[in-house]
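Let's go through this one by asking where each label comes from. Keep the viewer open and check each answer as you go.

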Amino acid sequence: MTTAAVDTLRVAVAGNPNTGKSSLFNALTGARQHVGNYPGVTVERRQGRRGDLTLVDLPGTYSLTASSPDEKVVVDVLLGRHPGEPKPDAVLCVVDANNLRRNLYLVSQIAETGLPIVIALNMIDEAEAKGVKIDVPLLRQRLGVPVVATVAPTGVGIGELGDALRAASGGFPPVAWPAGVKGPAFEHFQNADGEAAVRYAHLEALTKGVVTAGDPARARDGFAADRLLTHRVFGLAIFLAIMFAMFSSIYWVADPLMKGVDAAFGWMGTKAAAALEGRPMLQSLVETGIIGGVGGVVIFLPQILILFMFIAILEDSGYMSRAAFLMDRVFGWTGLNGKSFVPMLSSFACAIPGVMATRTIEDPRARLTTILIAPLMSCSARLPVYVILIGAFVRPAYGPFWAGAALFGMHLVGLVVGLPLAALMNRFFLKVKAIPFILEMPPYRRPRAGAVLRRMWFSGKEFTVRAGTVILAFAIVIWALTYFPGPAGGDEATRLEDSYLGRAGKTVQPAFAPAGFDWKLTIGVLAAFPARELIVPTLGILYAVDEEDEKRLQEKMAAAYTGPIAAAVMVFIAFCLQCGSTVAVMAREAGWRWAGFAFAYMTALAWVGAVATYQIGRAVWTL
C-alpha cells in the first residue's frame, strides 16, 4: 500500500439509527470535524479526520432500499454516483451488539458494493450488562472482515478500530452471501420479493453459536417505565409536563445570558458610535445596521443552545422515541405520523433546524406538509414581541399568573392551528396517504455530557451561520430603508417617519386598519418581514425609546393602544412567516414554489387572524 493511498483513505461511516454511530464518529474524530451539506442537496454531511483517515458520517438507515432523502444519499455515496462526493475507499459499518442479526442486514447489502468493510460491534457493554455473550473471534472468522468490539463514550476499541480502517484499503474477501441475493447495482434492493426472508435466514445461520442469549429479566429493563411513559393518558400528561418545564425554564435560564449578550452588543454599539462621531450615515450603518443586526440574532442564541441541550438530553436518554410514539397518536387524524414530531419540536426553538429535520420523513408529501406547517410553531424570535405586549397589557391588569398563561397560550396557538391546517392540506390538497409509523425503542441511557455539549455547539454554530448571515443582510436593507431619504437633521422618529419605510407604512396602513394597526404598527410589521424580532427595535425608534428600555416602551404602547390591538399584533406575529432565513431554507428543501406558497398562505392567515382577533376583541372589550 502506497503512501498516497494512505493519505487519501476515505471512510464512510454507515449503520442503523440508534446504533451509536454518531457517538463513534465523534470518538474517532474528536473536534476535528465540520458540518455541511452534500452538494446539490440539503442532507447534512459531517466529515472529520483521524490522522491519515477522512471519515464521512452518513445518515442512519435500516437498508439500502432508499425511500427518504437521507437514505438516497447513503446509496449514492456508497456507489460513488453522488456529484462532488468521491467514492469511499472503505466502509465502517456500525452494528448494535444488542441487535446483531438485524443490524447485519444492512451490512450484507453494503458488502455487495465490493467496498472493503470494517465492522464496529458497538455498545458491547450494554449487551454484556444484559448477560448477552458474543464470540467476536468466531464472528470475525465467519464474516471474513475485521470486527472490533467498541464502547464509543468510553473509547473502548477506538485505537484498534483506527488500525483496522487503515488496513482496509487492501480489501477483504467478500462475505459469502447466498446465491440469488447478490446484484450489481442495488436494483434488487427495490423491495424484491423474498429478499428479507432470504437474507435473515442466511444471517441466522451465520450468527448461530456466535450469540449466547442473556437474562430475559435484564432484557426487559425499562419495560415498566415504558408502560407509564407511553400510556395513552398518563404518558401524554407526563410529556406535556416535561414540555412545559422545558419551555418555561428556557426563559428564566436564558434571561441573564441574553442580558449579558445585549449588554455586550450595546457596549460595542456605543464604542462604534463614539469612534464614528461626525460621520452620521456611517455611524448609523455600523451601530444600527451591522452591530444591531448581528445582536438581534445572537441575543437569542442562549435560548437556542438551552433548547438543544434539552433536546439532546431527551434524545440521548431514549425518551424522545417514546414522545414520538405518543405524538403518533395525536397526529394520526391529520395524515401525519410521529416522524413529524421532532421537526415541529425543533421549530419551537427555530424553524430552520425544524425544516431541516424533515429529511428523515420518507413520504415526500408528508415531508412537504410538515415543512409547510413547521414555521407556525412559535419560535424564540417571537418571544420579544410577546414579552413587550403581554408586559404592557396583561401583567399590569391581571398579574403575573395570567401573564404567564398568556405567554404559554401564544406558544400553543401555532400548534393548535397548524394541525388542522395539516389535515386540510392532506385531505384536499397534498393527499398524503397514511403510512404506518415503525419505531425502534432504544434502551434508556444516561446522557453523556460530551455528547450534549457537542450537539449544542454544532446546533448553535449552524443557527448562527445560517440564520445570522441572512438576517444581517436584511437588517442592513431595513436600515437603509429607515435612513433614506430622511432629513439630515431631526430626531430618529422624524427621520423614520419620512423614510422610504415610513412612507410605505403610511401607504400600506389602510390594509391593516381592520386589525386596528396605525401607521407605526404597520411600519413595525413591515420591518419585521425579513426577521420578526426587528419589530422591537423598530418600535423603539418610533417611540424614541432605547431598545434596552423595555419598561418605557411598554408604558408608551399601553398609552397608545388597547388590549384588542395588542392581541391582534401578537396573533399576526404568531402566524406570519416573517423570517427570510426560514424562507430560504424552505426553498432549498422544497423549492421556491412551495416556499412562496408558505409565505403567501401564512401572511394571509396572519392578516385574517389579526382582523378577527381585533374585531372580536373590540366587541367584547366594549361590553
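Q: How many bridges join β5 to β6, and do the strands run parallel or antiparallel?
A: This is a predicted model, and in it six bridges join β5 to β6, with the strands running parallel. Pairing takes at least two bridges, so β5 and β6 count as paired. For a spot to look at, Val94 stands opposite Ala120 in β6.

Q: What joins β1 to β5?
A: Five bridges do, and these strands run parallel. Here Val11 stands opposite Ala90 in β5.

Q: What makes up the right-handed β-α-β unit that includes β5?
A: The unit consists of β5, helix α4 (residues 100-111) and β6. Right-handed here means that, with the strands pointing away from the viewer, the path from the first strand over the helix to the second runs clockwise.

Q: Why is strand β5 called mostly covered?
A: Buried means under 20% relative accessible area, and seven of the seven residues of β5 (residues 90-96) are buried. In a regular strand the side chains alternate between the two faces of the sheet, so it pays to check each side. On one side of β5 sit Ala90, Leu92, Val94 and Asp96, on the other Val91, Cys93 and Val95, and all are buried.

Q: What makes helix α25 largely enclosed by the rest of the structure?
A: Six of the eight residues of α25 (residues 535-542) are buried, so the helix is largely enclosed. The buried ones are Ile535, Val536, Thr538, Leu539, Gly540 and Leu542.

Q: Which residues touch the most other members of the largest nonpolar core?
A: Phe341, Phe517 and Phe572 do, in a core of 102 residues. Helix α27 (residues 563-575) gives this core its largest share, 10 residues.

Q: Which residues is Phe517 in contact with, leaving aside neighbours within four places in sequence?
A: Phe517 is in contact with Gln509, Phe512, Thr522, Val525, Ile565, Ala568, Val569 and Phe572. There is also a second, separate core of 38 residues, with Val73, Leu106, Val107 and Leu206 among them.

Q: Why is Met123 called buried and Asn18 partly exposed?
A: The cut-off for buried is under 20% relative accessible area, and exposed means over 50%. Met123 is at 8%, so it counts as buried. Asn18 is at 33%, between the two cut-offs, so it is partly exposed.

Q: What is notable about phi in Asn18?
A: Asn18 has a positive phi of about 65° although it is not a glycine. This residue is in the loop between β1 (10-15) and α2 (21-29). Met123 also has a positive phi, near 60°, and is a residue other than glycine. Its place is the loop between β6 (117-122) and α5 (124-129).

Q: Where is the cis peptide bond that involves Pro485?
A: The bond runs from Phe484 to Pro485, with omega near -10°. Pro485 lies in the loop between α21 (449-483) and α22 (492-498).

Q: Why do Cys379 and Cys576 count as buried, and how many disulfides does the structure hold?
A: Cys379 has a relative accessible area of 6%, and Cys576 is at 0%. Buried means under 20%, so both qualify. The structure holds zero disulfides: a disulfide here would need a pair of cysteine sulfur atoms within 2.5 Å.

Q: What does Val211 touch, not counting residues up to four places away in sequence?
A: Val211 touches Leu100, Val132, Lys133 and Ile134. Val211 and Ile134 are 77 residues apart in sequence, yet 4.7 Å apart in space, C-alpha to C-alpha. Val211 is in strand β9 (residues 211-212) and, at 36% relative accessibility, counts as partly exposed.

Q: Which residues is Arg329 in contact with, leaving aside neighbours within four places in sequence?
A: Arg329, in helix α14 (residues 319-331), is in contact with Thr230, His231 and Arg232. The relative accessible area of Arg329 is 36%, so it falls between the 20% and 50% cut-offs and is partly exposed.

Q: How much of the protein chain counts as buried?
A: Of its 623 residues, 51% do. The chain's secondary structure comes to 29 helices and nine strands.

How values were computed. Residues numbered from 1 in each chain as written. Predicted model: local features only at pLDDT ≥ 70, side-chain atom pairs only at ≥ 80, totals over all residues. Heavy atoms only, no water. Buried < 20%, exposed > 50% of the residue type's maximum accessible area, 1.4 Å probe, protein only. Helix = DSSP H or I, 4+ residues; strand = E, 2+ residues; numbered from the N terminus. Core = buried A, V, L, I, M, F, W, Y, C linked by side-chain atoms within 4.5 Å. Contact = heavy atoms within 4.5 Å.
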